[in-house]
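Trainee: Could you take me through one part of this structure in detail, choosing a few charged pairs and explaining where their partners sit?

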Amino acid sequence: MERYNYDVVVVGAGPGGSCAARAAASRGLKTIMIEKRQEIGTPVRCGEGIATAWLNQIGLKPGKDWIANEVDGARIFAPNEQYITLDAAQAGNETGFVVERDMFDKFLAREAIRAGSDVWVKTNALGLIMENGVPVGVHARKLNKDLEIRAPLIIAADGFESRVGLWAGIKTQLKPGDIEACLQYRLVGVDCDVRYNDFYVGEKAAPGGYLWVFPKGPGEANVGIGVSLKKSPGIATAKTYLDAWIKRHPGYAKGKSIEDVAGAVSVSPPLKRTTANGVMLVGDAARLVDPLTGGGVANACISGQIAGEVAKASFDAHDFSVQFLQLYEKKWRGELEEQLMRNYMAKETMMKMSDESLNKVIDALQGVEFKKVTTLEILKAVQAKYPEVVKEFESMLAA
Amino acid sequence: MRQVDRDTCLHCAACVGTCPFDAITLFDMHIIFNDRCVDCAMCDRVCPVGAISPIPGTEKMKPKLRVPA
């Protein structure tokens, strides 16, 4: 059995893993990141629309090789396809990039390597090495060899299908209402407006979720869908609804897919516990996906960065206990939890809204000038025109 | 027991993360079920392309019986 010794082992080389490895390695920790796939970033499992504001926050510079398109804002389409436009000028800083996720993930992995981290691809984590009831590393299989990677700190960045958390005793079950099944085609030869990311809501478009059109450039867009499992009693609901929507929209129906992308995201509250002795969970593994948008990249990077910082503090104190790692819980919750909970409530309410109500919301927002788009501002505008629609939100309005 | 239509499967692991019983793993391009599967059919429902179905006559229990609320 081959044995390797590190300070930190990061499981999973998505955005959360790479940001964690980068943060840990740049602070002088001997770090390794392992990835079960043979190539970082593929296959893509993502709509590829990200906000831009947070990149600066963790010291990442936009790169030409991973930005496909910069959008000015978003358009939200009601079930009757009346829409509102949320412009960057209106919404403060809500501009976004449509990225090439495979290139973006490789960019972040390069950043981790530049900071001094080791990276192994085609290396699968098989379980935790336990000593005296405490994890002290991971059993892994690299190509055809079983090996031990010993490290007092393990950062679980293994995504929606996280197993490291499970091994560490963090047992979680998602409700059907907190899971979205997703499918996307990268369509070439479509009529799309490259200035906007488009979102379509309602029972007919995407039950319990939304359908998106994220333009990658002139004539090319990611057209995808997320549908709630709660509202998907049948099989292949995501595909059925996506195909039906495309068929109804001739400007997209003429497109040809050059890439089919599938996956699932959690749209749940974050895990109550994201740490165990020697273990920190980041990103999708900690269920930090924004429940309203289904976006996971920003929170993965931010939590990964925090985990790397806490890893350093943990080494300085030579304390890898779950008690010490509360520092990680405290830091990421301080940064992200309020927004996640607020958007979870908003998602729960939206999921209950009828198409008629959604039509009224979009109608009430026509011509409204927002200084900054907040849930509260939206609710106030709707209340002014259709007070009955906001009844469910009354507690939020009072707050 | 469930079966995966390998011609339809996109290896996205939606079923792996959704399974309440840790009964599914994705190994390279293979979806593998272990004996913890109770035929709750959550994987059938989450699969974006409908690649998972019961093997007729092998279902351990009626679907929905142990699906978390």
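Mentor: Let us begin in helix 9 of chain A, residues 355-364, where Lys360(A) and Glu356(A) lie four residues apart and are therefore separated by about one helical turn. Bear in mind that this is a predicted model. The side chains of Lys360(A) and Glu356(A) meet in a salt bridge, with 3.9 Å from N to O. Glu356(A) counts as exposed because its relative accessibility is 54%, over the 50% cut-off, whereas Lys360(A), at 22%, counts as partly exposed.

Helix 9 of chain A also holds Asp363(A), which is paired with Lys385(A) in helix 10, residues 375-385, and this pair links distant parts of the chain, 22 residues apart. The salt bridge between Asp363(A) and Lys385(A) spans 3.0 Å from N to O, and Lys385(A) counts as partly exposed, at 47% relative accessibility.

For a pair in another setting, turn to Asp198(A) and Arg75(A), whose side chains form a salt bridge at 2.8 Å, N to O. Asp198(A) belongs to strand 15 (residues 196-201) and Arg75(A) to strand 6 (residues 73-77) of chain A, so that partners 123 residues apart are linked. Both ends count as buried, since Asp198(A) has 2% relative accessibility and Arg75(A) has 12%, each under the 20% cut-off.

These pairs belong to a total of 38 salt bridges over all chains. Across the interface of chain B and chain A there is one salt bridge, formed by Asp22(B) and Arg163(A), with their closest N and O atoms 2.4 Å apart.

Definitions and conventions
Residues are numbered from 1 along each chain as its sequence is written. Chains are lettered from A and ligands numbered from 1 in the order in which they are written. This is a predicted model: local features need pLDDT of at least 70, side-chain atom pairs count only at pLDDT 80 or more; totals for chains, interfaces and linings use all residues. Side-chain values use heavy atoms; hydrogens and water are left out. A salt bridge is a side-chain nitrogen of Lys or Arg within 4 Å of a carboxyl oxygen of Asp or Glu. Helices (H or I, at least four residues) and strands (E, at least two) are DSSP runs, numbered from the N terminus. Buried means under 20% relative accessible area, exposed over 50%, partly exposed in between (1.4 Å probe, protein chains only).
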